[in-house]
Amino acid sequence: MPALSEIEFAVTMMVNAYHRWMVRCMAASGSEGLGPLDVLVLHSVNHRGRAKTLSDICLVLNIEDTHTVTYALKKLEKAGLISSGRRRKEKTAEITASGEKACLEYRRLREALLVEPMKALGLDEGELSRLAATLRLVSGNYDQAARAAAAM
């Protein structure tokens with residue numbers, strides 16, 4: 001299936017470009033030293049302004065290795081971008097004013113540096129949504145294949 005190989009190569013290129021973008025945009029937003037996972041976790045914690053548990057974050061980001069998210073949370077808390085709390089027996093993470101400010105600046109830069117140039121390309125938004133749905137569908141097959149490979 002050569003088309004699947006094409007998708008894999010395109011996703012590899014996209015992931016690397018996306019990671020570079022996130023890190024550099026966050027640095028331009030005033031939060032240097034964060035890695036791609038740190039940025040994703042920060043934005044996940046900021047989403048909807050509600051405290052999140054480790055399992056909430058891992059579920060949304062489709063991450064199995066919880067220790068990587070735990071490390072990101074500690075790094076973000078040390079940077080003053082999130083604070084920790086408790087919900088019953090579970091530890092939670094909540095955005096701080098500094099974290100919210102960083103996310104808002106990231107959003108402003110994203111609009112100016114990424115969204116506006118993408119709009120200028122004239123890409124059909126419906127087509128982009130279909131592409132995103134296709135990638136989510138394909139990712140499910142990769143998850144299933146990974147589980148099967150782990151069971152061998």
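## Helices and strands

In this predicted model, the chain holds 6 helices and 3 strands. Start at the N terminus and the elements come in the order α-α-β-α-α-β-β-α-α. So that you can find your way around, here are two of them: α2 covers residues 36-46, and β1 covers 52-53.

## The annotated domain

UniProt has something to say about part of this chain: an unreviewed entry carries the annotation "domain: HTH marR-type" for residues 27-126. In the model, that span is 60% helix and 14% strand. Hop from one end of it to the other, C-alpha to C-alpha, and you cover 31 Å.

## The hairpin

Now look at residues 82-87, which make up strand β2, and residues 90-95, which make up strand β3. These two strands run antiparallel and are joined by 6 bridges. To see how they line up, pick I82: its bridge partner in β3 is I95.

Together β2 and β3 form a hairpin, with 2 residues between them. R88 sits in that turn, and its backbone is worth a look.

## Two arginines with a positive phi

Most residues other than glycine have a negative phi. R88 goes the other way, with a positive phi near 55°. R48 does too: its phi is positive, at about 65°, although R48 is not a glycine.

Where do you find R48 and R88 along the chain? R48 lies in the loop between α2 and β1, while R88 is in the loop between β2 and β3.

Are these two arginines buried or exposed? R48 has a relative accessible area of 62%, and because exposed means over 50%, R48 counts as exposed. R88 comes in at 75%, so R88 is exposed as well.

## The chain as a whole

Step back and take in the overall dimensions: the C-alpha trace spans about 50 × 45 × 25 Å along its principal axes. The chain has 152 residues, and 24% of them are buried. Its accessible surface comes to about 10800 Å², with carbon and sulfur atoms accounting for 58% of that.

How do the parts of the chain touch one another? Take the contacts with a separation of 6 or more: 55% of these link residues 24 or more positions apart. As for charge, the chain carries 21 positive and 18 negative charges, and the mean positions of the two sets are 7 Å apart.

Terms used
Residues numbered from 1 in each chain as written. Predicted model: local features only at pLDDT ≥ 70, side-chain atom pairs only at ≥ 80, totals over all residues. Heavy atoms only, no water. UniProt positions renumbered as here; feature names shortened; annotations may be inferred. Helix = DSSP H or I, 4+ residues; strand = E, 2+ residues; numbered from the N terminus. Buried < 20%, exposed > 50% of the residue type's maximum accessible area, 1.4 Å probe, protein only. Contact = heavy atoms within 4.5 Å. Areas by Shrake-Rupley, 256 points an atom, 1.4 Å probe, with all protein chains shown as cover. Lys, Arg positive; Asp, Glu negative; His and termini not counted. Charge placed at Lys NZ, Arg CZ, Asp CG, Glu CD. Pairing = 2+ DSSP bridges.
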